[in-house]
Amino acid sequence: MQNYTAPTKDAQFVLHEVLEISKSDIPGYADLDRDFTDAILDAAGKMSSEILAPLNAVGDTEGCRLENGVVSTPKGFKKAFEAVKEGGWNGLDLPEEYGGQGLPYLVGTVVGEFFVSGNMAFNMYQGLTHGAIGAILTHGTDEQKATYVPKMLSLDWTGTMNLTEAHCGTDLGLMRTKAEPQKDGSYKITGEKIFISSGEHDLAENIIHLVLAKAPGGGEGTKGISLFIVPKFKLKADGSLGARNAVACGKLEEKMGIHGNATCVMNFDGATGYLLGDLHKGMRAMFTMMNEARLGVGLQGYSIAETAYQNALAYAKDRLQGRAVTGAENPDGPADPLIVHPDIRRNLLEQKSFVEGARAFTYWAAELIDRSHRLGDEDAEGLVSLMIPVLKGFQTDKGFEAAVNAQQVLGGHGYIEEQGMSQFARDARIAMIYEGANGVQALDLVGRKIGQDGGKHAMAFFEYVKSFIKENEADAALKAQFLDPLKAASKDLQAAAMFFVQQGMKNPNAALAGSYDFMHLFGHVCLGLMWARMAKAAQAALAAGAEDAAFYEAKLATGRFYMARQLPATSLHLTRILSGADPVMALGAEAF
Ligand SMILES: Cc1cc2nc3c(=O)[nH]c(=O)nc-3n(C[C@H](O)[C@H](O)[C@H](O)COP(=O)(O)OP(=O)(O)OC[C@H]3O[C@@H](n4cnc5c(N)ncnc54)[C@H](O)[C@@H]3O)c2cc1C
């Protein structure tokens, strides 16, 4: 039986004591005082733990069904979807002029975490709609915005993203779906898309598919790709639903996890589509959405790990096995609880220190996105776009690892479906693959992001870490336990970046052979930085005589664990990177 309680206290700690959001100069942040965010987070936490989480296992066991072209979602999903609609949750951080509440993206991110932790598969119906709205708001005409956004914001209609085809996922230049221009300015879209999340379902009146397709005259590869709006039901002149469009779900994919989300093969048979954004600039339109889409997937990584951790922790406190090596801790019982054993604690702390570090990192990235959107701050935009492949790749890898660790705490019971732990691992796995597989995130980081704008953003990141260390090193405890390890890890990162700069042009394989290690090295430095920032805030709270000293002591102990036991991984990653291309490329393909 799975359980989830939203970590509102920890979220509030990051928002108010680490990021100090209500003191920020970002427009809209001054309104985010503790009482206000408390009210939102409490309501979101309740929604997640009372409505979404109880449907998580139902979604997993029941899955979606396709009958006569109609996809049914698992029992209870419809009612829960109505509750999310009624709560106005989808419009929280969307513009007021379309019916939203206009709150910062950061607030939507925190709520998103709670919803994903409760039920990732369910939340994807809303999450993809939110992403599609973003694309329409950024690239649509005023008419398109007025036609689609209010209905999608209210979740009367949902949205999808159709990129992948059977023969092309990463390499979208190979795409075959065609768009033929019509006299009335619309296009006929023909082709087959696969693996489309929320492609067809029974939760909404209409589904607005955003589809990448090739229109004539655009040239080869990704250059010829444009983005189209293809509604499931065409709209009449007054905006009401008209005839069914020529788009249908041909098959539901059988898959490892997220069974509650309908993953569809979508057939477009001359479906009517409307150009979104500029002709032949579809890839660029998709790219503008990328930071938020990838942050959303990186968030899935640690959000699933949070729930898995909560369940593993409860089990470790309850399950009696063996005795503590230093003497019985439950002398009246037949054995001690699992949590007395050092290796179980190691396991739990690996999960806990990752989840809390990743939460802080994700909220910081969301704050930078607000800074770039609301203040037009290009440095913030550059920094976040540098860190996004790290956030996506590292956090989803580690999130899966944490979910497997949580399963391990339950021993054989973790492997048996009844306990629900295997679902967390199965659900977490997809986040490493979609929205750009993690190997491709590493490629993006090393091939594009570190050198972007002459390496300006990478330099800004290093400078940020350096200044944080310098400003705080007078504090001896912080220095020894947090800043010195962070400095060493940051040096490893700089040495790796320098190696790539030197090797990049003359030996690109050397950079790419080390790209995955670099992404993880970078991820550890980001979490190390966030732990140092959290430790500073926790120390300040304790020094000020905070009421809940136990919370801050736990924060510091968890941070010390991360710095002592996780962060040193940077030196292994650097060693691998410096070994260059040979160990990876020496074996010819025929010799494998
Ligand atoms: C459950 C699920 C839901 C999905 N939802 C959607 C959706 O809503 N919309 C949508 O459009 N798509 C969706 N996808 C598709 C997903 O985004 C793709 O599967 C993913 O992008 C990878 O593409 P691919 O499967 O074709 O793998 P490939 O591109 O064939 O890649 C295979 C492997 O090779 C690696 N690789 C590829 N090229 C390179 C390179 N140049 N250098 C190094 N390594 C490389 C990749 O990292 C990967 O590990 C979904 C997939 C699944 C399974």
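Q: Helices are DSSP runs marked H or I with at least four residues, numbered from the N terminus. With that in hand, which residue just after α4 takes a positive phi in this predicted model?
A: Start with where the helix sits: α4 covers residues 77-86. Now look just after α4 for a phi of about 65°, and the residue with that positive value is G88.

Q: Which residues of helix α4 are buried?
A: Buried means under 20% relative accessible area. Go along α4, residues 77-86, with that cut-off, and the buried ones turn out to be F77, A80, F81, A83 and V84.

Q: Why do the buried residues of α4 count as being on the same side?
A: The residues in question are F77, A80, F81, A83 and V84. Imagine looking down the axis of α4 and asking how far around it they spread. They are on the same side because the arc they cover is only 155°.

Q: Which exposed residues does the face of α4 turned away from its buried side carry?
A: Flip the helix over in your viewer. For a residue to be called exposed, its relative accessible area has to be over 50%. On that face of α4, the exposed residues are K79 and E86.

Q: What do the buried residues of α4 pack against?
A: Contact means heavy atoms within 4.5 Å. One strand is on the list, β3, and it is joined by helices α2 (34-52), α3 (56-62), α5 (105-118) and α6 (120-139). So, with that cut-off for contact, the partners are β3, α2, α3, α5 and α6.

Q: Which side chain forms a polar contact with the side chain of T73?
A: T73 lies in the loop between β2 (70-72) and α4, and its relative accessible area of 8% makes it buried. Not counting residues up to four places away in sequence, T73 touches G63, C64, Y125, H201, D202 and L203. The one joined to T73 by a side-chain polar contact, at 2.7 Å, is D202.

Q: Which residues come nearest to the ligand?
A: There are 19 residues around the ligand. By kind, they split into 11 nonpolar, 6 polar and 2 charged. The ones that come nearest are M161, T164, T170, F195 and S197.

Q: How much of the area that the ligand exposes when taken alone does the protein bury?
A: Backbone atoms come close in several places: a nitrogen atom of the ligand is 2.7 Å from a polar backbone atom of M161, and an oxygen atom of the ligand lies 2.8 Å from a backbone N or O atom of L163. F195 also has a backbone N or O atom 2.8 Å from a nitrogen atom of the ligand. Taken alone the ligand exposes 980 Å², and the share the protein buries is 62%.

Q: Which element gives the largest share of the shell around the ligand?
A: The elements that each supply at least two residues are β3 (157-162), β5 (187-197) and α14 (438-449). The largest share is 3 residues, and it comes from β5.

Q: Is M286 buried or exposed?
A: You'll find M286 in helix α8, residues 282-288. Leaving aside neighbours within four places in sequence, M286 is in contact with M161, L163, L212 and L227. Its relative accessibility is 10%, and the cut-off is under 20%, so M286 counts as buried.

Q: What is the distance of the side-chain polar contact between N472 and K536?
A: N472 sits in helix α15, residues 452-472, and is buried at a relative accessible area of 10%. Beyond its neighbours within four places in sequence, N472 contacts L478, L483 and K536. The polar contact joining the side chains of N472 and K536 is 3.2 Å.

Q: What arc do the buried residues of α20 cover?
A: In α20, residues 569-578, the buried ones are T570, H573, L574 and I577. What covers them includes α16 (476-504) and α18 (515-543). They lie on the same side of α20, since their arc around the axis is only 100°.

Q: Is D453 buried or exposed?
A: D453 is found in helix α15, and its phi is near 50°, a positive value in a residue other than glycine. Its relative accessible area is 55%, and the cut-off is over 50%, so D453 is exposed.

Notes:
Residues numbered from 1 in each chain as written. Predicted model: local features only at pLDDT ≥ 70, side-chain atom pairs only at ≥ 80, totals over all residues. Heavy atoms only, no water. Near = heavy atom within 4 Å. Polar contact = N/O pair within 3.5 Å; in protein donor to acceptor, adjacent residues only side chain to side chain. Areas by Shrake-Rupley, 256 points an atom, 1.4 Å probe, with all protein chains shown as cover. Nonpolar A, V, L, I, M, F, W, Y, C, P; charged D, E, K, R; others polar. Buried < 20%, exposed > 50% of the residue type's maximum accessible area, 1.4 Å probe, protein only. Arc of directions from axis to C-beta.
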